[in-house]
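Please work through the exercises on the structure shown here, and try each task before reading its solution.

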Amino acid sequence: MIIMSANPDSITSGAHERIAIRPPVASNKPKAAADGLRHDWQLDDIRALYTQPFNDLLWQAQQLHRQHFDPNAVQISTLLSIKTGGCPEDCKYCPQSVHYNTGLGREKLLDKQHVVDAARAARAAGASRFCMGAAWRQPTDRNIDKVIELVQAVRDEGLETCITLGMLKAEQAQKLKAAGLDYYNHNLDSSPEYYREVISTRSYQERLDTLENVRQAGLKTCCGGIIGMGESRDDRLGLLQQLANLPEHPQSVPINLLVQVEGTPLHGVDALDELEFVRTIATARILMPKSMVRLSAGRENMSDATQALCFLAGANSIFYGEQLLTTSNPATQADQQLFQRLGLQPMA
Ligand code: SAM
Ligand code: DTB
Ligand code: SF4
């Protein structure tokens, strides 16, 4: 269960210094871009949405959700860690960083048969997308060639493919696109200000640059973040602002609730008020009305009622299967029962 936060600082405006990373265009009037969507969200606009009465926020989000999606269909993705542990980065939330002792070993890249077996099982269980994650800062060109073989094998099983390998060069993104990859996952993780408290080995701008390479290659983008890391409410708004003001809204927006892992510096941080999580989902839905918003890591610590509120707020994708990358996810039977109780259907 998620515990109500005792610390009001974790849900009110933070005192972090605001720094500008590619600041959004200042404007009083909402402007629609060529895609008909807004990319010029100001923090005050987002704050006004996020802080309105909960029922009004959910009503607004649900109305928009129904304009663009079947409200009872949820896209199902399954994750597999294809290269676990030993990562040189220092992300304070991550059990796979070499900087922290979480008891996780360093493994080699999985072989093709292992991946094909996992993809087959995911498809049989109802997944439509298979996401593979590697604990790399950035892949070498040799790594890319090996991952391409895995992507092609997963495609042959009739699944959409998504991979997350760390920073990507333009040519690597192009090569992955040519090989048939559908999505690349690369998260912004938090607001630019709070990001600096969480990761020192990779800059926010480097993340934006990778996202640019991915978009330019014509790959679909999966990009979101983690909340419940001790950030302020303004940091949550700042993350949403960065996501919504990208040149294209990411096609998938994973919102992760921090999975606290012993040995990582963020283990023991105050738990987030679960209604703040629901507000974050609803605001993401309003800002990025045509994107898939994924209720991602952290579901194991959420009640069924909170998850139901997330679906009402516009979440329409989940990670399904008993394992995320290195931590656990709800049992498949529990998810099947939840879908049945809520009348939800897997999205084709
Ligand atoms: N190493 C690559 C990278 O970071 O770009 C890809 C794998 S990394 C594990 C993918 C994402 O998982 C991270 O960006 C982060 O958002 C999420 N993640 C990692 N540890 C998490 C945790 N303990 N709780 C919630 N999300 C987490
Ligand atoms: C994302 O945003 N969440 C997933 C996926 N993209 C790669 C990863 C969640 C990882 C949770 C911690 C773990 O299992 O290691
Ligand atoms: Fe490495 Fe990715 Fe974990 Fe950061 S989140 S430590 S980059 S595996």
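The exercises below concern a predicted model, and each task is followed by a stepwise solution.

**Exercise 1.** Describe the surroundings of ligand 3, by residue and by class.

*Solution.* Begin with the residues around ligand 3, which are Cys87, Glu89, Cys91, Tyr93, Cys94, Ser97, Ala135 and Arg202. Next, sort this shell by class, which gives five nonpolar, one polar and two charged residues. Finally, place the ligand within the protein: ligand 3 sits in the largest cavity.

**Exercise 2.** Examine helix α7 for its span and for the arrangement of its buried residues around the axis.

*Solution.* Helix α7 comprises residues 204-216, 13 residues in total, and reaches 18 Å from its first C-alpha to its last, close to the 18 Å expected at 1.5 Å a residue. Taking under 20% relative accessible area as the cut-off for buried, one finds that Tyr204, Arg207, Leu208, Thr210, Leu211, Val214 and Arg215 are buried in α7. These residues lie on the same side of α7, because they cover an arc of only 160 degrees around the axis. The background to such a pattern is that an α-helix has 3.6 residues a turn, so residues three or four places apart point the same way.

**Exercise 3.** Apply the analysis of span and burial to helix α8.

*Solution.* Helix α8, residues 233-244, has 12 residues and reaches 17 Å from its first C-alpha to its last, close to the 16 Å expected at 1.5 Å a residue. As for burial, 12 of the 12 residues of α8 are buried, so this helix is largely enclosed by the rest of the structure. Charged residues belong to this buried set, including Arg233, Asp234, Asp235 and Arg236.

**Exercise 4.** Which residues of helix α11 are buried, and which are exposed on the other side?

*Solution.* In α11, which spans residues 332-342, the buried residues are Asp335, Leu338 and Phe339. Seen down the axis of α11, these fall within an arc of 100 degrees, so they line one face of the helix. On the other side of α11, Gln333, Gln340 and Arg341 are exposed.

**Exercise 5.** Locate Asp189 and assess its phi and its burial.

*Solution.* Asp189 is found in the loop between β4 (183-185) and α6 (192-198). Its phi is near 75 degrees, a positive value in a residue other than glycine. For comparison, most residues other than glycine have a negative phi. With a relative accessibility of 3%, Asp189 counts as buried.

Key
Residues are numbered from 1 along each chain as its sequence is written. Chains are lettered from A and ligands numbered from 1 in the order in which they are written. This is a predicted model: local features need pLDDT of at least 70, side-chain atom pairs count only at pLDDT 80 or more; totals for chains, interfaces and linings use all residues. Side-chain values use heavy atoms; hydrogens and water are left out. A residue is near a molecule or strand if one of its heavy atoms lies within 4 Å of it. On a 1 Å grid over the protein atoms alone, a cavity is a set of points where a 1.4 Å probe fits but cannot get out, and a pocket is an open set with protein on both sides within 12 Å along at least five of seven lines; lining residues have an atom within 4 Å of a point. A molecule sits in a cavity or pocket if more than half of its atoms lie within 2 Å of its grid points. Helices (H or I, at least four residues) and strands (E, at least two) are DSSP runs, numbered from the N terminus. The expected span of a helix is 1.5 Å times one less than its number of residues. Buried means under 20% relative accessible area, exposed over 50%, partly exposed in between (1.4 Å probe, protein chains only). The arc is that of the directions from the helix axis to the C-beta atoms.
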